[in-house]
Amino acid sequence: MIKFDRFILKNGLTVIVHSDFSTPLVAVNVLYDVGARDEHPDRTGFAHLFEHLMFGGSVNIPRFDEPLENVGGENNAFTSSDITNYYITIPRVNLETAFWLESDRMLSLAFSKKSLDVQRNVVSQEFNQVYLNQPYGDLWLLLKPLAYKVHPYQWNTIGKSLDHIRQAKMKDVKAFFKKYYCPSNAILVVAGNVTTPDVKKLTQKWFEPIPSGKKHKRDLPVEPKQTKERKKTVYRNVPYDVIYKAYHTCARTDPEFYTNDLISDLLSNGKSSRLYQSLVKKKKLFSEVNAYLSGDIDKGLFIVTGKLLKGVSMKDAELSIDTELQKICKKKVDKDELQKVKNKIESTLIFSELSVLNKAMNLASAELIGNAEDVNTEIEHYLTVTPEMIQEQAQLVFKKTNCSTLYYLSKNNQ
């Protein structure tokens, strides 16, 4: 049970405090309700660009990392299709430094031409090195637009095209910041060796003077139901063939999420899982095989992927995957097998509560998609899933007409 307090500042900033006096550290997590799905189709990659820009200096702090490192703190950030998340871990005695740093960049970035040019160059290099010049790097750049035709999940966080970032104008960057990086569109979680009165005092001092901004309302296009199987084949300079099968599934906020998550674990969580036992160990078709959910806030994807062993035909490999998926559709899972994966998830969730940073992130995510209280009921949702629910969801998801398949083949096999 994660106990916490919640309050909202006059400017709309939601603040959550979790006290854990067993550690000398404090985690300060700022979640902004903005991700790649909020970008204009002709100006993608902005949320990810801002992940970099937010470290490029603010009005009063030219170098973000330097004062933090001087007091023993660490920080980082990540961007997804749904959120942008910044976090700091710092010794309790130096906590106010984190408040100073995070509040100043929320108040106003420096927005210098030099900073924009530097970070634009960093993102361009990342696009080339990670997505274009690395083996299998462009997988998601190919798979997402195959699976999504309308919803903005069709592009990756790096963006559709490198030109979108290269051609980003200062006025567009400033407008994006003003729209999304404000108190009314953020959740601040402070977890660790702190008390709520202390945090309230610090947030009122450092964050409450910041103008509220407007909480943006989304009106995203809904992805229509897929009614026809989609396939794409590409050849690349890679050592092994891989297959990616993407099935449309529920949203992170849907009740069925927990059932689908358990299905992915039944299929590929550990060496006792179905796909590993059948396709890796017994039939020796793949060197590795995985199944997982994208976990998106809007309706996401159930991904099944495998790396083929040399000499294995793609036809045989795909047929073997399809056979295993149909098994879970046609026959109810044994209660003991289901209980085993439930136990694994329960231990994973409990283990995640050992770190104050993990607790801070979990509280922020839960608050965004519903209520921070939900972190304490996650396990219950998994435990109530039945074999009948597993079979029903498998039959709904694992349909050929609901599948987009990417055949990513080695040029050596042409």
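**Close-up views of a predicted model**

**View 1. Helix H1 against strands E4 and E5.** Helix H1 (residues 46-53) lies across E4 and E5 and runs at about 170° to E4. Axes are lines fitted to C-alpha atoms, for helices over the stretch in contact (heavy atoms within 4.5 Å), and angles run from 0 to 180 degrees between N-to-C directions. Helices (H or I, at least four residues) and strands (E, at least two) are DSSP runs, numbered from the N terminus. This is a predicted model, in which local features need pLDDT of at least 70 and side-chain atom pairs count only at pLDDT 80 or more, whereas totals for chains, interfaces and linings use all residues. Residues are numbered from 1 along each chain as its sequence is written, and side-chain values use heavy atoms, with hydrogens and water left out.

**View 2. The open sheet of 6 strands.** The strand order is E1-E2-E6-E3-E5-E4, with mixed pairing; two strands pair if DSSP finds at least two bridges between them. E1 and strand E4 (74-79) are the edge strands, each pairing on one side only. From one strand to the next, the twist averages 15°. E4 and strand E5 (residues 84-91) run antiparallel and are joined by 6 bridges. Within this pair, Phe78 has Asn85 in E5 as its bridge partner.

**View 3. The hairpin of E1 and E2.** Strand E1 (residues 5-8) pairs with strand E2 (residues 14-19) in the antiparallel sense over 4 bridges. Arg6 has Ile16 in E2 as its bridge partner. The hairpin has 5 residues between its strands, and Gly12 in the turn has a positive phi of about 95°.

**View 4. The buried side of helix H10.** In H10 (residues 274-282), the residues Arg274, Leu275, Ser278, Leu279 and Val280 are buried, that is, under 20% relative accessible area (exposed is over 50%, partly exposed in between; 1.4 Å probe, protein chains only). These residues lie on the same side of H10 because they cover an arc of only 155° around the axis, the arc being that of the directions from the helix axis to the C-beta atoms. Their cover includes helix H9 (257-268), strands E9 (286-293) and E10 (301-308), and helices H11 (314-330) and H12 (335-352). Lys284, which follows H10, has a positive phi near 50°.

**View 5. Cysteines without a disulfide.** A search of the whole structure finds 0 disulfides, a disulfide being a pair of cysteine sulfur atoms within 2.5 Å. The closest cysteine sulfur to that of Cys329 is in Cys403, 12 Å away and therefore too far for a bond. Cys329 is buried, with a relative accessible area of 5%. Cys182 also counts as buried, at 5% relative accessibility.
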